[in-house]
Amino acid sequence: MSKRVFVHPEPKAGEPAPWRSLEERNKSPEFRSRAEREFLDGAATFDPVDRRAFLSLMGASFALAGLGLAGCREPRQHTLPYARTPEMTLPGVPTFFATSFPGELANQPILVETHSRRPTKVEGNPSHPASGTASSKLAQASILDLYDPDRATVSVGPDGAALTSAQVRDRLAALGRELEAAGGAGLAFLARPSTSPTRARLVAAIKARFPKALWAEHTPVDQSAGDRAVGPGIRALPNFAAAKRVVSLDADFLGSGDAQVEATRAYAAARRADTAEQAKGMVRLYVAESLHTLTGAAADHRLPLATSAIPALALHLLDQVRRQLGQASVGELPKLDVDPAWVRECAADLVANRGASLVVAGAHLPAAAHGCVQAINDLLEAVGRTLEYVRTDAAPAASLRDLALARPSALVILGGNPAYDAPADAGLADVLAAAKTIVRVGLHGAEHDDTTAAVRARGGLFVASTHYLESWSDGRALDGTYVPVQPMIAPLYDGVAETEVLALLAGQSADALGLVRATFESVARAVGRDASAAAFEAWLAEGVLPGTAFPRALAGTVSTPVAPAAPALSRASLEVRLVPSAHAGDGLFGNNAWLLEQPDPMSKTCWENVVLVSPALAKELEIEPEPMVINRIGQLNRNINQLVDGKLTCRVVRVTLGGRTVEGPAFILPGLAKWTVGLQLGFGRKAVGRAGARVTERLSENRIVGVGFDAYPLATSAAPLGAAGATLELTGETVVVANTQDHWSMEGRDLIREGTPGEFAKNPTFAARLGLDGHLPSPLGTGKDAATPLAVAAVTTPRGNSAYEHPDHAVPPNVAVWQGRADAPVPQQWGMSIDLNTCTGCNACVTACQAENNIPVVGRSQVLKGRDMRWIRLDRYFFDGREQAGMDIPENPQVTFLGVACQHCENAPCESVCPANATVHDEEGLNTMAYNRCIGTRYCANNCPYKVRRFNYLDYNDRQIGRFYEGPLGPKGMAEPLKMQKNPDVSVRMRGVMEKCTYCVQRIQEAKIQAKVRAGASGDTKVRDGAVQVACQQACPAGAIEFGDITDAGSRVAKAKASPRTYGLLTYLNVRPRTTYQAKLRNPNPRMPGASAAPLSRLELAGREGVHPAPAHGGKGH
Amino acid sequence: MLRRLLDFLNQPARRGNPFPRWSNAAPAKILAFLALSGALLVAAINHYATNEYLNVGYTPDQPVAFDHGFHSGVLGLDCRYCHTNVEKSPHSNVPSTATCMNCHSVVKKDSPALQPIRDSFATGEPVRWVKVHKVPDYVYFPHSVHVSRGISCVECHGRVDQMEVVGQRKSLSMSFCLDCHRNPEKALRPVDKVTDLAWKAPSPEAQREMGSKFVHDWKVLPPQSCSGCHR
C-alpha cells in the first residue's frame, strides 16, 4: 500500500475561500506575491543603511568590542535590601491588590499584581461574579499609562514655575478661601462623569460651601444617554445570560463601553453549546447596525441599516410585536427601507420566546428609539427576567452649554481633555478666554495634553494629578456594587489626587484615605453592614462590598411611542457616525502604545484611524485612474484599498458635514450600511505624548508619518456623535495605512469550521470530519483514535521533532532512580482549548498577553514592514457565500474570529529545522523556546504552518521607538518608568531572537513549584486543575479559553477538548497541535429572509476540491 | 627553516625534482603544529572562559565586613534567621538593615565597622551589598522549592559557615545545575538538615540509599528541559 501524501488543498481560482482583505478575496497579483513570501517585503532586510554604511557601523562595533575586552568579568552588581521591610512584602513573590478601573458608567473591579509594589499586570476580581477573572483590554492597558514616560512630573504655577505638591495644596486651599466670601460666584468646575460616591460627596460639600458655583460634566461619548431617556437616575441592566433571543439596535454591547466585560460574560454564558441540547437552547442574536462592530460580527442575523433609520426600525418592530400579540397597531409607521419580512420574522421569534427575549438599543440613539425599545421589552415581559431597571445614585450635573452660558471667572478642569474633545460650538474656547483663574488637574503637562496646553497658554495653574493606581478613591461597578480604588505604589511623581483637589477646595483636609473611609462608613451603614475599621480593611482586601447593588426601580410607562422618519440618505447626503476608536478610545488612551499598536478588531488597522466606508459607497467614488482588480470569476472590480509594495494604500477622502471638514484615509469595511461613514475618535491630538505623536523614524525612508486625524471637528453640541447630511469626496492623495489584515496570511486554508445547532445534533463531530480531517487519524483521541482516550494519546503519540535529542515520554525520565521503574511520576501534559462559539474578538487576550509576557511595541513603520510582535494573532475572517461570489464586494459578509498563537504541536515543524536546538519539546509537551540559545536564523518561522513565530529584528526592548537604527553609539535603554512594568518572571528578549507563545510557562513553573513545596513528603506533586491560568484565559470575558492538564480527564480543558465540536487547525499535516478549537455554531432563524441553511463558511468549504462536507454516514470518514 | 626556504628560492633552477628532501616532512609538521596549537587554544578557552575560572573564587569586599563564619559557624545562627524568605520565595533575601539591628542595637552598638548599618537604619537608605552568587538574567532559580525539598544551601554556596568573607565556590554553570538535576539522590538530605552545612551522610553508600529513597518517596523529578529554568 502506497503512502498517502496530504497537501494543503489549494483553493482554485474562482472558488470561494475565507478572506481577510479585499485583495485576498480577489486574489490580486499583489496579494499573491506578498503571500508567497514568508516575511513581508522589507521585513527581513536592513533597509535604512546600504552596504557601505553597514560596514562602517560594523567597524564601529568592532572598535567598541575591542574597548570592551578590558572588562572580561561580569560587572559588579549590588543587592539593595530594604532598610525596614514593609509589611506584606516578600521580594520575588507578587502581591495582589483589589482595586477598580475607573469608568464613566461603571468601575471595573480588578486585582493588580505588584512585584515589590510595582504594579505589573491587571486581572479581573473574581469576588465580583459578574466579571469574574475577566478584564477588558482598556483595564489591561491602563497599567501602561501609569508608567507613561510623558506624564507630568511637577505641577506648574501661573508664572510657569514648578510647584511642589505642598505648594499646590496651599494654593488650592487659599483659592477656596478667596472664593468663599462671594459664595462661589463665578466659580465653575468641568469634569468627566465618575461613579465615585466620595467624589459625589465632595461635590455636595463644594456646592454647600459655594452655593453659586456650577458643576458641569462633559464626556464626548455619553454611555448613559440611553438610560436617561428611560428615566432620570434609571439604569437598564440587561441580563443576557437569561436571554434566548436578543435584538441589538445599533448597540455594540460586546465591543465597547464600561459594561463590555459583564455583557460579554453573560452573552457567552447564553451562547455555550457543550451539548447538542444546550446548543438548541442557545441565544440567537439579531443585530441592526450602521457600522460593523463586534456585536454585528457575533450576530446570527445582521442588518446593515443607517443609524438615522434605526428609530423607525424600532417602531416597526414594536408595531409587529404588538400586532402579533393581538394588540392594536401603533398607527402610522414611518417609511423604512427594510424587507418587511425581516421585521416580521424577527418580531415573531421574539414573541415566541416571550420572557426570554430582549431588545437593547445603542446609547447614542435618540430618545424615541429608547422609548420604542422600552415598550417592546415591556410587551416581551423582559423586565425581571432578561432586564432589570435599577435606580442609580448619579447626581445631575450641568452641561458644557450651561458652562458656556455661565462664563465663569474661575474654572477648575478635572481630568478628561475637553479642549480636544468638546464640540467646537460648545464655546469652551470662549470660556477659557473669559476665565481669570483656571486650574487644570491632569496627568499630562502642556506639551502632552491639549487642555493643559490651552490652560497654560492662558496662565492657568496646572496640577499634576496621580494615576488611579496611585490614589485613593472609590466607585461603583455596573450593578452598583461599591468598590474601592486604592493605591499600591507611592506616587511616581509629586502629584495631587483629584479627590484631594476637591477636598481642599471644599475646605476639608486633603486626606483622601480618610474621605474614602468616611464614604465607606456611610455606604455600609446605608445597607446595614458593618462599618468598622476591620470591615473597611476587609472591603479593601476583597475589592467589593456585597449587598450594595443599586435597588430595583420601575421605569415609567411609555406614553405613545413615536419615531421620526429616517432622513433620505444618498451619495450626496451621507450619514456620519463618530465612534471611539479601538486604540485611543475617545482620546484618553491616545498615548498608550499597547492599544495604539493593537489592530482594530474589525479593520485590523493600527497606529491610526480611518474613515470607514461601505463597499457600495466606495464603488460610487470616482477614482482616476480607476484601480481595478480581476475578481475570481474574471470580472473587473473597482478597489480603492490596494496593496502597493505589500502595504495597504488608501485614498484620502474629505468628509464635510455642516461646513466642517475632516480628511482621512478611506477604508472599505464590508458590512457597513450603504450611506454611513464611520469616523474613529481619539486621534489627531495636537498635544500628545511620544506614542501618539507623529513619529518619523530616523534614517528611514518611509515618508508616511502621523497617527491619524482628528474627527471631533464634525461633532456638534446637538449631535456629538454624528449626523446625516454629509458629503465625501476624494482629495486625490493616497496614503499608506498600517494595516495587519494581510500579515501572516493563511492563504485561504480551511481553518474555520462552523455548523448549526441542528447539524450539531445530527452529526456532533461535524467539525472534526470536515476537509481532509475526515481521512485522517484524529490528533487527540477522537475519530479513528476514539478508542484511545486523550489522556493516553497525549503521552503515547510520538513527539518532538528536533534534529537533536529531545525528551520523549516513552523513555523514563532521565533520573537514575526512576530508570525502568513503572511507578515513575508522569509529567503533566498541558493543552489548550478555544471555543470559537463564544469568542467575540474583543482583544482582551491580546492585551493580557502583551502585559504578561513583556512583548515589545515596535512602532508604526515596523508594523508596516510586518514586524509586529504580538504573540496572539486574532484573525478576522469574512465569508460571503457562493451566491454572492460574483458581486463586486459583498455587502454583508459573515465574520468569524480566530485567535492563533503557538499551537505547541507534538510534531513541531519548527523544531526539526532549528540548527541551534533552541526550540525543543519539554517533557510536559510544551514547544519551548530558549532565547539564550537562539541565533536568529528564522528557519523556525519559515517552517511554521501557523505563522505564529515573531522575530526581534531590532532591539525593540532596548531602544525607543524611532531610534532603532542609530548604531552602536545610539541611545540605549527603554524609557525609565516603562522598565517598572516588565514582568520580572519573563525574560526581556533582545535583538536577533525568535519568540512566540510559551503557554505562559512562567505561570506553569510557578504552579509546579508551589505544588512541590506544598507536597512535602506526601509525594503529591501534581498541579491541581485551575492552579495554572494562562494570561489570555484569565482575561477572556467570554471564558472561551481553557487551559490545563489534558491527561487529567476531570480537568476543564480535557472536558472542553472532549466536546464533539473539537477540531484542530491543519491537522492533516500530522503536526498534532496541543491547542484545539471548538467549532462555532451559527444559530440562524430559517424563516428570516436571506437565511442560509448552513453557515456561509460551510457553503464555501463544500465547494472546494478535496474538501467534502460532513459525510452522511457519520462514522469513520472514508 | 626560513633560511633554508630562502636558500631554496634563491638557488638556480635544478633539473628533475625541484623540492629538497626536507620538504617531504614539512606538511606533516605544519599540520601537527596547527593541531597542537588548536588543541591548546580549545583547552585554554575551555578553562579560562568558563565560570569555573571566571566566577569561582569571586570574593568581593562588602561595605560591611560581615563575617558569616563567626555568625553562622561560631555563634550558630541558622541561615534562615537572616535569609527569612528562602522557604517562601524564589529569592533568598539579603536581610533588611532592621534584622542586623535586632542584635546590634545592643551588641557592639558603637563599633565603627557597623557605621554603615546604623546610617542605613537611621536614613532608610539601603546598604549597598555586593552580589556574589549570580546566574544570568535568563535563568530562574527558585530557592523555595530547593530548600523545602532537601537541597542544602551548601550544595551551591559551599561552607558559608566557614567563610570569613563570602565568595563563590561552585561554578553555577548549566552543567553544574544539570549534574544535580540528573542525579538528585547524590545531593538530597533530610529536610531538617538543609541548613546544617556540616552535615554529611555517614558514607557514600548511605547517601545513595537515603537519597534514592527520598527521590522515590517525595516523587522528586527535577526538570531537565529548557522550560524548567528559562522562561
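Modeller: Let's start with a working definition: a residue counts as buried if 20 or more other C-beta atoms lie within 10 Å of its own. Keep in mind that this is a predicted model.

Biologist: Fine. What percentage of the residues of chain B count as buried?

Modeller: By that count, 26% of the 231 residues in chain B are buried.

Biologist: And is chain B compact or spread out?

Modeller: For that, compare the radius of gyration with what the globule rule gives. Chain B comes out at 28 Å, well over the 17 Å that the rule gives for 231 residues, so the chain is more spread out than a compact globule. Its C-alpha atoms fill a box of roughly 100 × 50 × 35 Å along the principal axes.

Biologist: Which elements is chain B built from?

Modeller: There are 12 helices and one strand in chain B. Reading from the N terminus, the order is α-α-α-α-α-α-α-β-α-α-α-α-α. As for contacts in chain B with a separation of 6 or more, 72% of them join residues 24 or more positions apart.

Biologist: Now the contact with chain A. How many residues does each chain put in?

Modeller: Chain B gives 48 residues and chain A gives 44. On the chain B side, the elements with two or more residues in the contact include α6 (97-104), α7 (115-123) and β1 (129-130). Helix α11(B) supplies the largest share, four residues. Sorted by class, that side of chain B has 19 nonpolar, 17 polar and 12 charged residues.

Biologist: In what sense do β1 of chain A and β1(B) pair?

Modeller: They pair in the antiparallel sense: strand β1 (residues 78-79) of chain A and β1(B) are joined over two bridges. In β1(B), V130(B) is the bridge partner of H78(A).

Biologist: Last one, on helix packing. At what angle do α5 and α18 of chain A pack?

Modeller: The general idea is that two packed helices are described by the angle between their axes and the distance between the axes. Here, α5 (residues 165-180) and α18 (residues 498-505) of chain A pack at about 40°, with axes 7 Å apart. That angle makes α5(A) oblique to α18(A).

Biologist: Which residues meet there?

Modeller: From α5(A) you have R169(A), L172(A), A173(A), L175(A) and G176(A), and they meet V501(A), L504(A) and L505(A) of α18(A). By class, this helix contact has six nonpolar, one polar and one charged residues.

Key: Residues numbered from 1 in each chain as written. Chains lettered and ligands numbered in written order. Predicted model: local features only at pLDDT ≥ 70, side-chain atom pairs only at ≥ 80, totals over all residues. Axes fitted to C-alpha atoms, helices over the stretch in contact; angles between N-to-C directions. Parallel < 35°, antiparallel > 145°, perpendicular 65-115°, else oblique. Contact = placed C-beta atoms within 7 Å. Nonpolar A, V, L, I, M, F, W, Y, C, P; charged D, E, K, R; others polar. Rg over C-alpha atoms; globule rule 2.2 N^0.38 Å. Buried ≥ 20, exposed ≤ 12 C-beta atoms within 10 Å, placed from the backbone. Pairing = 2+ DSSP bridges.
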